[in-house]
Amino acid sequence: MQALRDMRSEVPLDPPSREAEARLVAALRDEPARPRRRLRGVAWGAGLATGLAAAVAVGLVLAQGGGGGPVTPRPGDNGVAAAPLKLTSAAQVLDLAASAKGQPELIPRPDQAIMIKSTTMYIAESRDYRYLYRTDRAVWWPAAPNRDGAIEITSLEPKSFPGEPLPPVARQGIGETSRHVAKYCPGRPEFSRTDFAYVSGLPTTPEAMLAYLRTAAGGENTKKGGKRTLDEMAFTAAGDLIRERYLPPAQRAAVYRALGSLSDLRLIEGAEDAAGRKGVAVAYDDATTGVRRELVFDPSTFLYLGERAFVTDADKAGTAVGTQVASTALLSAEVVDTVPAVELGPKGGETCG
């Protein structure tokens, strides 16, 4: 199950079916999994699909601090008439994202939580098949540390893997919803924390944020015996940090400007997130894994929309160049008063949140 676990750093995975759900939860607990064919190198996270995901209300137009309903990013939502803009570099897009206006700040009380909704698409694979499973997700992250959160996952119509038939198992559980307790688990790496108390204390300057990203990802990389470059690790760690988490404005801007200092970034126009929204992407070709990772932004407001991943090296990734292996769309984020209760059973489980 490592290939799927690696799609999203310390966050629970999206189950395509009840049977697969049990395997995914077991994998998150580091229980033994049966050997299976794996898509090599498709590691989105530093350890990385609560999972690509993943995904993290960075750059959203959000409900005003302390409450209010969710707000979906739309062109022009920053209150300024969108004028034609010539985009010349990925760093320019990241700077525009860092300075985007009209994004009210969420400031939850310690007894509240932040709920984030998203749509995702990842690879489900076994020894005998591969396909792209799709889900709608809602996560509740408590504002204070040491408290349990919750995750709700609804299975959507899957897609066939390019050049391969859609296996019958892919249609199991379509439309079904499961819930999981995202338990507070002592001893987990600090970088995996989702509580507002933690993320609001992260660095606020690009230089300090870049150092934080490299340190956080470097620990996971070293633990796994990896040999990835500092820039590869930093870009991956940034995706982990913003995926299905809310970052306050200062930390959000620091992440984007830290990424803007990396070399070899690519600007890709005509990108599309998992919800079908058109955007412009900032991409980084990860030579170690053979996968290009992309952050997608609205082309008018430069609000964050989601992520994508494409194969760039067939030998390293284990599938054809150009194959899309992940896609997410961040839909909304809001402050809520309670985390829903989860009944453990066939459609409910626990994982470290």
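This is a short talk on the cores, salt bridges and a few backbone details of one structure.

Okay, thanks everyone. Before anything else, keep in mind that this is a predicted model.

Let's start on the inside. In soluble globular proteins, nonpolar side chains tend to be buried together. Here, the largest nonpolar core has 53 residues. Which of them touch the most other members? Those are Met209, Tyr212, Leu241, Val255 and Phe297. If you want to know which helix gives the most to this core, it's H6, residues 230-242, with seven residues.

Take Met209 as a way in. Skipping its neighbours within four places in sequence, Met209 is in contact with Leu202, Pro203, Leu241, Gln251, Ala254, Val255 and Ala258. Two of those names, Leu241 and Val255, you just heard in the list of core residues that touch the most other members. There's also a second, separate core, this one of 17 residues, and among them are Met121, Tyr129, Ala309 and Val325.

Several of those Met209 contacts bring us to helix H7. Gln251, Ala254, Val255 and Ala258 are among the buried residues of H7, and so are Arg252, Ala253, Tyr256 and Leu259. How does the length of H7 work out? With twelve residues at 1.5 Å a residue, H7 should span 16 Å, and the end C-alpha atoms are indeed 16 Å apart, so the two agree.

Now the charged pairs. How many salt bridges does the structure hold? The count is 18, and I'll walk you through three.

The one I'd look at first is Glu244 with Arg137, with N to O at 2.9 Å. Glu244 sits in the loop between H6 and H7, while Arg137 is in strand S2, residues 130-142, so this pair ties together parts that are 107 residues apart in sequence. Buried or exposed, then, for Glu244? Glu244 is buried, at 0% relative accessible area. Arg137 is buried too, at 3%.

Next up, Asp285 and Arg266, whose closest N and O atoms are 3.0 Å apart. Asp285 belongs to strand S6, residues 278-286, and Arg266 to strand S5, residues 265-272, so the parts being tied together are 19 residues apart in sequence. Here both partners are partly exposed: Asp285 has 30% relative accessibility, and Arg266 has 35%.

Third, Asp337 and Arg109, at 3.9 Å from N to O. This pair links distant parts of the chain, 228 residues apart. Asp337 is in the loop between strands S9 and S10, and Arg109 is in the loop between helix H3 and strand S1. Arg109 is partly exposed, with 43% relative accessible area. And the pair isn't on its own, by the way: salt bridges with shared partners join Arg109, Asp111 and Asp337 into one network.

Last thing, a quick word on the backbone. Most residues other than glycine have a negative phi. So where do we find positive ones here? Asn146 is one of them, with phi near 65°. Asn146 is in the loop between S2 and strand S3, and at 51% relative accessibility it counts as exposed. Then there's Asp264, which isn't a glycine either, yet has a positive phi of about 70°. Asp264 lies in the loop between H7 and S5, and it's exposed as well, at 60%.

That's my tour. Happy to pull any of these up on the screen.

Note on methods
Residues numbered from 1 in each chain as written. Predicted model: local features only at pLDDT ≥ 70, side-chain atom pairs only at ≥ 80, totals over all residues. Heavy atoms only, no water. Core = buried A, V, L, I, M, F, W, Y, C linked by side-chain atoms within 4.5 Å. Buried < 20%, exposed > 50% of the residue type's maximum accessible area, 1.4 Å probe, protein only. Helix = DSSP H or I, 4+ residues; strand = E, 2+ residues; numbered from the N terminus. Contact = heavy atoms within 4.5 Å. Salt bridge = Lys/Arg side-chain N within 4 Å of Asp/Glu carboxyl O. Expected span 1.5 Å × (residues − 1).
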